[in-house]
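Me: I'd like to practise reading strand pairing and cysteines in a model. Can we go through one together?

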Amino acid sequence: MNDKTKSVVWFEDCNRDDVSLVGGKNASLGEMVSSLAAAGINVPAGFATTAEAYWQFIDANNLRQTIEDLLAQLQARSLTLAQAGEQIRTAILGGKWPEDLAGMIRSSYAELSQRANRTNVDVAVRSSATAEDLPDASFAGQQESFLNIQGPEALLEACRKCYASLFTDRAISYRIAKGFDHMKVALSIGVQLMVRADKGSSGVMFSIDTETGFDKVVIINAAWGLGENVVQGTVNPDEYVVFKPLLGDVSLVPIVEKQLGAKEQKMVYGRGGQETRNVPTSKAERADFVLSDGEILTLARWACIIEEHYQCPMDIEWARDGRSGDIFIVQARPETVQSSRDASLLKDYRIKSKGKVLVEGLSVGGAIVAGQVCMIDSPRDIDRFVDGSILVTTNTDPDWVPVMKRAAGIITDHGGRTSHAAIVSRELGLPAVVGAGNATHLLHSEQEVTISCAEGDIGLVYEGIADFEAEDVVLDDILETDTQVMLNLANPAAAFRWWQMPADGVGLARMEFVISNHIRIHPMALVNFDRLKDQNAKREIAELTAGYDDKTDYFVERLGRGLAKIAATFHPRPVIVRMSDFKTNEYANLIGGAEFEPVEENPMLGFRGASRYYSEAYRPGFELECRAIRHLREKLGFTNVIVMIPFCRSLNEADRVLEVMAEFGLERGKKDLKVYVMCEIPSNVILAKEFAERFDGFSIGSNDLTQLTLGIDRDSEALSGAFNEQDAAVKWMIKNIIEQAHQAHRKVGLCGQAPSDHPEFARFLVDCGIDSISVTPDSFVRVKRSIAGEEVQLGVANAAIHR
């Protein structure tokens with residue numbers, strides 16, 4: 001609209017070109033109301049006072065000169081920041097409304113109440129600072145907002161407080177730091193119908209992963225009650241992660257992660273003149289997810305629509321009305337941290353040695369830092385902060401920013417990935433562990449600790465100064481190769497970290513890692529829960545599976561979602577998931593596992609791999625694994641997942657496993673399901689032609705193949721010097737399986753450590769014509785370059801032969 005003489009405009013009459021008129025926040029609301037309502041996105045109705053209205057108020061009360069004089073005294077250091085700010089705010093709060101401006105606000109409020117079919121409707125009053133000659137300046141979090149404002153006089157008072165908040169200490173400091181002229185910055189006020197989230201829920205979502213920059217997911221945080229607790233980080237919210245590319249298929253539910261937050265309190269409407277207040281949540285609320293799967297998918301789809309409209313990743317606030325059940329978008333702004341980073345650069349951190357874990361929470365920042373703790377309880381105590389220390393506190397708000405800028409890292413008791421502490425830490429490039437629970441109780445000032453946010457979603461605080469290293473990996477100068485180079489991955493929490501890698505997929509995703517770290521329970525203990533003898537295990541299982549009527553669903557859903565995070569990272573490239581390959585002693589260490597596992601002298605050669613899957617001793621457990629794969633492929637939608645069978649000793653065993661899989665709904669060839677087999681036993685090479693008739697591909701496990709070809713226990717210290725994957729006998733086995741697989745038109749790869757440790761072994765594999773090599777992420781670039789060089793040499797040699 002761009003009519004700068006107006007004092008009040010309705011959201012539907014403004015758009016994103018009106019930032020200088022109504023500020024970024026209100027311009028964005030207007031843009032969504034006018035442009036995205038047709039796409040089904042709900043935005044509460046409202047209006048905005050303009051920058052012109054602000055200057056009308058200032059000039060009607062002759063405040064320009066007062067403000068300029070006080071700011072001049074601040075610059076001359078005759079007043080402190082606190083003194084200047086307080087005097088300016090007091091002057092503004094004492095100002096009188098010009099009658100015509102007050103009349104327009106009152107009449108607009110009356111019309112808004114009429115639209116809502118209510119008298120004196122409750123509204124949210126939010127500040128939106130703007131500068132006419134600085135339309136791209138960000139003033140997010142600098143000014144105040146007020147919720148549950150009712151009645152025209154209460155609205156005018158809240159608007160006056162919003163104007164005064166333009167001169168909070170933090171807002172003045174921000175403008176000084178940025179070099180902005182205070183007298184060229186104005187304030188627009190958004191007046192918006194309240195969504196009764198006090199009786200429902202609210203939260204924040206990003207259309208990009210806030211930690212890694214992975215742009216194929218939506219991250220949603222949710223808590224009961226009004227949204228301020230999520231924004232300020234005073235609660236640990238639920239977190240949901242949704243994979244965007246599969247949202248177009250309404251038959252799928254591509255939610256790849258659901259984390260239950262503690263949600264200890266909620267903000268509701270106040271009483272006795274108090275607009276809002278915090279109350280404890282009930283046990284039921286703490287135990288339940290805030291959003292249903294349908295609501296999660298609706299929000300994720302809205303995030304995609306908003307992102308597409310704005311053509312950039314977005315930071316979005318939402319609220320669900322507890323009376324109607326309707327969901328609304330109440331704010332949307334561009335995400336500015338991850339979206340501005342260079343995707344061709346990857347910073348890789350590795351810890352060499354570390355102390356014990358003291359505290360853990362959510363990981364922010366993807367880096368590692370070590371230093372001394374400095375415990376601060378309140379921003380009033382920031383003078384006690386030691387520059388370069390690790391700030392430990394309960395939670396932060398905008399008043400903490402000056403001290404956060406002086407910290408090397410941050411640890412908070414409360415907050416989620418979208419809390420104030422998390423957002424500011426990202427902007428400052430600091431590693432932070434948020435939502436740690438009891439860090440302020442367990443840590444103390446001057447204690448030496450190491451913050452590690454480079455090991456996945458969980459941020460860890462180690463005792464002492466850890467030995468670690470960092471490396472800058474440049475990805476845009478990596479050559480393409482005919483030989484596919486894939487990744488070995490196991491940890492879903494760290495999977496998104498590698499999305500930038502130009503890998504050809506995942507050559508080995510270890511199911512057992514997900515089971516041991518994300519499920520922790522033996523599958524047979526879930527199947528036979530009612531008959532468990534170990535009461536301690538039974539009690540622990542009951543706690544972990546709370547909320548699941550069928551305890552086996554806990555295994556199926558968590559395993560499916562854990563693998564989904566790995567599958568999503570490289571979708572639609574292939575991801576080869578190996579079915580569980582625990583040894584019996586490892587299975588026995590799972591909760592409830594001791595009752596179901598035999599004690600073996602040599603578990604490495606015992607009841608492991610394929611032999612378990614059709615055995616009555618584990619068959620019901622294998623059924624849960626198959627159900628998880630079906631959940632992953634058919635409900636979540638990751639049909640890029642290939643199943644791989646480990647340690648398959650004979651053709652008869654292969655037939656029995658495939659038969660059991662088909663019985664459990666995983667039939668090779670149906671629904672494009674491919675089934676590979678590990679080649680790690682000499683019989684797999686000797687009978688390669690016959691195995692190729694039963695499977696779609698081979699993956700060479702060089703560790704076990706070396707062990708069984710040379711007759712060496714790979715865990716034997718006495719024989720460690722003789723264990724050699726480049727032994728002539730092992731290389732003969734590898735060369736032969738590659739030749740026979742290709743004769744049968746089957747793909748063959750290798751997923752051992754040798755190509756990472758020995759470039760000459762990678763060259764041998766290329767010379768043999770292997771289709772793919774799968775390596776650990778930290779060695780990917782090195783192996784990729786080695787293979788590229790070998791392919792060039794091989795091409796030159798072949799050209800010379802043909803000449």
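Me: Let's start small: which residue in β13 does I316 stand opposite?

Reply: Keep in mind that this is a predicted model. To read a pairing, you look across from one strand to its partner. Here I316 stands opposite A332 in β13. As for the strands around such a pair, β12 covers residues 314-320 and pairs with β13 in the antiparallel sense, over 7 bridges.

Me: In what order do the strands of the open sheet come?

Reply: You read a sheet from one side to the other, partner by partner. This one has 6 strands, running β9-β8-β7-β6-β12-β13, with antiparallel pairing.

Me: And why is one side of β9 and of β13 left without a neighbour in the sheet?

Reply: Those two stand at the edges: β9 (255-259) and β13 (327-334) each have a single partner strand, so each has one side with no neighbour in the sheet. As for twist, neighbouring strands here are turned by 15° against each other on average, ignoring direction.

Me: Now the cysteines. How many disulfides does a search of the whole structure find?

Reply: For this you check sulfur-to-sulfur distances, and the cut-off is 2.5 Å. The search of the whole structure comes up with 0 disulfides.

Me: Why is there no bond for C374 or C751?

Reply: Because the closest cysteine sulfur is too far away in each case: for C374 it sits in C453, 19 Å off, and for C751 it sits in C679, at 10 Å.

Me: Is C374 buried or exposed?

Reply: C374 is buried, with a relative accessible area of 6%. C751 counts as buried too, at 9% relative accessibility.

Methods:
Residues are numbered from 1 along each chain as its sequence is written. This is a predicted model: local features need pLDDT of at least 70, side-chain atom pairs count only at pLDDT 80 or more; totals for chains, interfaces and linings use all residues. Side-chain values use heavy atoms; hydrogens and water are left out. Buried means under 20% relative accessible area, exposed over 50%, partly exposed in between (1.4 Å probe, protein chains only). Two strands pair if DSSP finds at least two bridges between them. Helices (H or I, at least four residues) and strands (E, at least two) are DSSP runs, numbered from the N terminus. Axes are lines fitted to C-alpha atoms, for helices over the stretch in contact, and angles run from 0 to 180 degrees between N-to-C directions.
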